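Let's take a relaxed walk through this chain, starting from a single residue and working outwards. Have the viewer open as you read.

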Amino acid sequence: MPRRFVLRAGAIATASALVLVGAAGVASAHVTVSSPDAKPGGYAKLVFRVPTESDNTSTTKLVVSLPADHPFAHVGAQVKDGWKVEKKEQKLPAPVKVGDVTLTKAITTITWTATAGGIPANDFDEFALSVGKLHEGVDALSFPAVQTYSDGEVVKWTEVAKDGADEPEHPAPTLKLAAAITPVAEITTETKDASDPLARWLGAAGLLVGVLGLAFGLRSRKSAPAESGS
């Protein structure tokens, strides 16, 4: 195969890969939520990542709505330099029991407003909440968000993705909750640690049997000629 053809094919493949990577980056550049410790029944730190998808404007405001059907008894907002934070509390349509607490009102929105330059063009920032307790029997929570730019443009990240459907153009930040289970690696380690003394004892016993068997074999081999000579 000519070397020129190989080089041209390689260049095309590389360019295609870069286009796909770039497309994936654009598709994922929206407001998202993640947590290092969220699980049903516990407290969690929620981190909202906010990118400024603009070449000449900045993000100056972020409004996050908390789940109205699964309110939190406690909501603490991160205090950030250059930002003012406000929490809005409302009366719930009906009392909601969360653990041992029955809520009649709850914080429903958190608003961060820039007091300085905001999030610059093509950059991002993160905003955190401490919330709890998370409701039992819930595998996902959505946090609709509204992002405002310095030129007045407002982007609503409020569309909830449906099962089996493609991701919407402006998806609401959604947090997947994992059940509180013991990691497989931890179970394996504990089982291994518990079985180590038995394994060592069996290993020593096997070694002793092997040594005795070897000694018996050697003795038999030495006595074999004497027996055959008689």
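Start at threonine 108, which sits in strand E6. Keep in mind that this is a predicted model. Is threonine 108 buried or exposed? Its relative accessibility is 15%, and buried means under 20%, so threonine 108 counts as buried. Its side chain has a polar partner, too: a polar contact of 3.4 Å links it to the side chain of glutamine 90. Setting aside neighbours within four places in sequence, threonine 108 touches Val64, Ser65, Leu66, Lys88 and Gln90.

Val64 is a handy stepping stone to the next strand pair. Valine 64 has alanine 145, in E9, as its bridge partner. Strands E3 and E9 run antiparallel to each other, paired over 5 bridges.

Now for the sheet itself. It is an open one of 5 strands, ordered E5-E6-E3-E9-E10, with antiparallel pairing. At the edges are strand E5 (83-98) and E10, each of which pairs on one side only. On average, neighbouring strands here are turned by 15° against each other, ignoring direction.

What about the nonpolar interior? The largest nonpolar core has 31 residues, and Leu46, Leu129 and Phe143 are the ones that touch the most other members. The strands that each give two or more residues to this core are tabulated here.

| Strand | Residue range |
|---|---|
| E2 | 44-51 |
| E3 | 59-65 |
| E6 | 101-114 |
| E7 | 124-132 |
| E9 | 145-149 |
| E10 | 154-157 |

Apart from that core lies another one, of 5 residues, with Leu92, Val96, Val98 and Leu103 among them. As a rule, nonpolar side chains in soluble globular proteins tend to be buried together.

Leucine 46 is worth a closer look. Beyond its neighbours within four places in sequence, leucine 46 is in contact with Val33, Ser34, Ser35, Phe127, Ala128, Leu129, Val131, Phe143 and Leu175. That list includes Leu129 and Phe143, which share with Leu46 the distinction of touching the most other core members.

Zooming out, the chain has 2 helices and 11 strands. From the N terminus, the elements read α-β-β-β-β-β-β-β-β-β-β-β-α. Of the 230 residues, 27% count as buried. The chain exposes about 15,300 Å², with carbon and sulfur atoms supplying 58% of that area. Finally, take the contacts between residues at least 6 apart in sequence: 70% of them join residues at least 24 apart.

Conventions. Residues are numbered from 1 along each chain as its sequence is written. This is a predicted model: local features need pLDDT of at least 70, side-chain atom pairs count only at pLDDT 80 or more; totals for chains, interfaces and linings use all residues. Side-chain values use heavy atoms; hydrogens and water are left out. A nonpolar core is a set of buried Ala, Val, Leu, Ile, Met, Phe, Trp, Tyr and Cys residues joined through side-chain atoms within 4.5 Å. Buried means under 20% relative accessible area, exposed over 50%, partly exposed in between (1.4 Å probe, protein chains only). Helices (H or I, at least four residues) and strands (E, at least two) are DSSP runs, numbered from the N terminus. Contact means heavy atoms within 4.5 Å. Two strands pair if DSSP finds at least two bridges between them. Axes are lines fitted to C-alpha atoms, for helices over the stretch in contact, and angles run from 0 to 180 degrees between N-to-C directions. Accessible areas come from the Shrake-Rupley method with a 1.4 Å probe; for residues, only the protein chains shown count as cover. A polar contact is a pair of N or O atoms within 3.5 Å; within protein, one must be able to donate a hydrogen and the other to accept it, and residues adjacent in sequence count only if both atoms are side-chain atoms.
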